[in-house]
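Student: I should like to go through this model and ask, for each label, what justifies it. Please set each value against its criterion.

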Number of protein chains: 2
Amino acid sequence: MPSQTLPDDLDISHIRSSCATCSLRELCLPVGLNEEEIQILGNLASHKRKIPRGGYLHHAGSKFQSLFAIRSGFFKTCILEQDGRQQVTGFHMTGELLGLDAISGEMHTCDAVALEDSEACEIPFAKLEEISRTIPSLMHHFHKIMSREIVRDHGVMLLLGSMKAEERLATFLLNLSRRLVMRGYSEYNFNLRMTREEIGSYLGLKLETVSRAFSKLQDENIITIDNKQVQINDISRLKMKMGNSACLS
Amino acid sequence: MPSQTLPDDLDISHIRSSCATCSLRELCLPVGLNEEEIQILGNLASHKRKIPRGGYLHHAGSKFQSLFAIRSGFFKTCILEQDGRQQVTGFHMTGELLGLDAISGEMHTCDAVALEDSEACEIPFAKLEEISRTIPSLMHHFHKIMSREIVRDHGVMLLLGSMKAEERLATFLLNLSRRLVMRGYSEYNFNLRMTREEIGSYLGLKLETVSRAFSKLQDENIITIDNKQVQINDISRLKMKMGNSACLS
DNA sequence: TGCCTTGATTGATCTGAGTCAAAGCTATTC
DNA sequence: GAATAGCTTTGACTCAGATCAATCAAGGCA
């Protein structure tokens, strides 16, 4: 799939700049947008919206109208099953996009809940579509980004199927670490925003098993864990724990 | 996401009709293409290509150049792990599209192997892109379809995480049944093209566990299974076996 | 300050699925 | 049609992770 670039003489003067405080550059580069696309996106985004801990960014079943760029904070996405239990489908950190769950339909398929006080910029999808009528490559590119995120998650889930608890947890930690370092945070020292139960739900384990696996990794001096604070002491041995399934892509 | 329609005065006369024998209409309607799009796709597609049992439609790591419409037969997609074991990532039947695994990159991420003598039409992606430069909605639409397929699979995998063997198998059978009936085949009576081992790999179970779960469902008179021939005797009880996680979307 | 809630850890026990092994069945080949 | 290789089924045993339960630590708040 050859990637198209935007025309040099691109006129975006008609786009209302509604988010003066938003510099989306450092935010969106990791997902593969080029300068012009970031500019357009930044101009589309509304001012930061505050979401308190426990607050919702979007609900399952609600109409899909916007993508959200997380400016600060941490979110989980989850679906509520018939029996009331909730299944965590993903975690999303500062600098990532939310709302991708609705990419293939008209409705959000999951809830997005803030795990700490957070801020997000809304990017109205209608405007994105409007612009992509004049700049087809933008939407094309966007779909690619979205698919990539989904495929990445999908790949991880597939591999989890055949993994043991410890392997799953190692995979999870390394995935978090990789995403944090991409955004300029510490690779070896970070704070888990979610509970053991949420980690367990995401990985298909019970909270006790998660706790035990953490303890085991600590006993082996691979990580140090104090409640929610994680320190990776030996990343190469942690990678070995992931097993053969290896690549997170 | 409002769905766009193709313009009425659409000129596709410049597109070489390369697949006179292909009527893709009944093939692609289920995935949501409209008449004109099917026409375009059909004209893009090359003549049917035969793939013998065990043959490859595409390889992991090979350059992504085409999508494939399965005209007859049955495929599995799988990835080869470092240790040589193979992980089945999906099953694909007559009327479905293959090659979607490469949607977010330049390379195929998995092998596609025929589980019986099959036929497929190749749809060169470059041509699809060329056309979508004049008809932006086509690529847009296509990306949506592809994402939907991926999201669907992703959803299933997520739910599998917390499921027991019997629930996984029920989910698997009902998924097959639903896809078969969509394409005009019997809902209650069908032939499994894959081995117990392949089912197990896909569901994260061992082949013995798959076999035992089949036997148990048969003992309970929910299905009748004779080697690869499956008959669903009581679909409502089979649905109950799926558990609360329910929806396959 | 002490009460109460929420989350984390750890132990004991149980169970579902993996493992190993044997035997039966099917399909393919010559 | 006999020989062979590849699937499938079933049984016995084992073990990782679920379940049940107790304890502990860290806020939040009256």
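Student: Which residues come nearest to DNA strand C?

Tutor: In this predicted model, 18 residues surround DNA strand C, and those that come nearest are A:Arg196, A:Arg212, A:Ser215, B:Ala165 and B:Thr209. Of the strand C atoms within 4 Å of the protein, 64% belong to sugar or phosphate, and the rest belong to bases.

Student: What makes the approach of B:Thr209 to a phosphate oxygen of DNA strand C a polar contact?

Tutor: An N or O atom in the side chain of B:Thr209 is 2.4 Å from a phosphate oxygen of DNA strand C. The cut-off for such a pair is 3.5 Å, so the B:Thr209 pair qualifies. Chain A offers further cases: the side chain of A:Ser211 places an N or O atom 3.0 Å from a phosphate oxygen of strand C, and a polar side-chain atom of A:Lys228 lies 3.2 Å from a phosphate oxygen of that strand. Two elements give two or more residues to the surface near strand C, namely helix H7 (207-219) of chain A and helix H7 (207-219) of chain B. H7(A) gives the most, with five residues.

Student: Which residues come nearest to DNA strand D?

Tutor: There are 17 residues around DNA strand D, and A:Ala165, A:Thr209, B:Arg196, B:Ser211 and B:Ser215 come nearest. Sugar and phosphate make up 67% of the strand D atoms that come within 4 Å of the protein.

Student: Which part of A:Ala165 and which part of B:Arg212 approach DNA strand D?

Tutor: For A:Ala165, a backbone N or O atom lies 2.7 Å from a phosphate oxygen of DNA strand D. For B:Arg212, an N or O atom of the side chain is 3.0 Å from a base nitrogen of strand D. The side chain of B:Ser215 likewise has an N or O atom 2.8 Å from a phosphate oxygen of strand D. H7(B) supplies the largest share of the surface near strand D, five residues, while H7 of chain A and H7 of chain B each supply at least two.

Student: Why is strand E4 of chain B described as largely enclosed by the rest of the structure?

Tutor: Strand E4 (residues 74-80) of chain B has seven residues, and five of them are buried, so the description follows.

Student: How do you know that E4(B) pairs with strand E5 and with strand E7 of chain B?

Tutor: Pairing requires at least two bridges. E4(B) and E5(B) (residues 86-93) form seven bridges in the antiparallel sense, and E4(B) and E7(B) (residues 111-114) form four, also antiparallel; both therefore meet the criterion. B:Ile79 stands opposite B:Gln87 in E5(B), and B:Lys76 has B:Val113 in E7(B) as its bridge partner. The hairpin of E4(B) and E5(B) has five residues between the strands, and in it B:Gly84 takes a positive phi near 95°.

Student: Why is B:Glu119 called buried?

Tutor: B:Glu119 has a relative accessible area of 19%, and the limit is under 20%, so B:Glu119 counts as buried. B:Glu119 is found in strand E8 (residues 118-124) of chain B, and the side chain of B:Glu119 makes a polar contact of 3.1 Å with that of B:Lys50. Beyond four places in sequence, the residues that B:Glu119 touches include B:Lys48, B:Ala69 and B:Ser72.

Student: Is A:Gly99 buried or exposed?

Tutor: At 0% relative accessibility, A:Gly99 is buried. A:Gly99 is found in the loop between strand E6 (97-98) and strand E7 (111-114) of chain A. A:Gly99 and A:Phe64 are 35 residues apart in sequence, yet their C-alpha atoms are 7.7 Å apart. Contacts of A:Gly99 beyond four places in sequence are A:His58, A:Phe64, A:Leu67 and A:His108.

Student: Why does A:Cys78 form no disulfide?

Tutor: The closest cysteine sulfur, in A:Cys110, is 7.3 Å from the sulfur of A:Cys78, whereas a disulfide requires 2.5 Å or less, so the distance is too far for a bond. Over all chains the count is zero disulfides. A:Cys78 is buried, with a relative accessible area of 2%.

Key. Residues numbered from 1 in each chain as written. Chains lettered and ligands numbered in written order. Predicted model: local features only at pLDDT ≥ 70, side-chain atom pairs only at ≥ 80, totals over all residues. Heavy atoms only, no water. Buried < 20%, exposed > 50% of the residue type's maximum accessible area, 1.4 Å probe, protein only. Polar contact = N/O pair within 3.5 Å; in protein donor to acceptor, adjacent residues only side chain to side chain. Contact = heavy atoms within 4.5 Å. Near = heavy atom within 4 Å.
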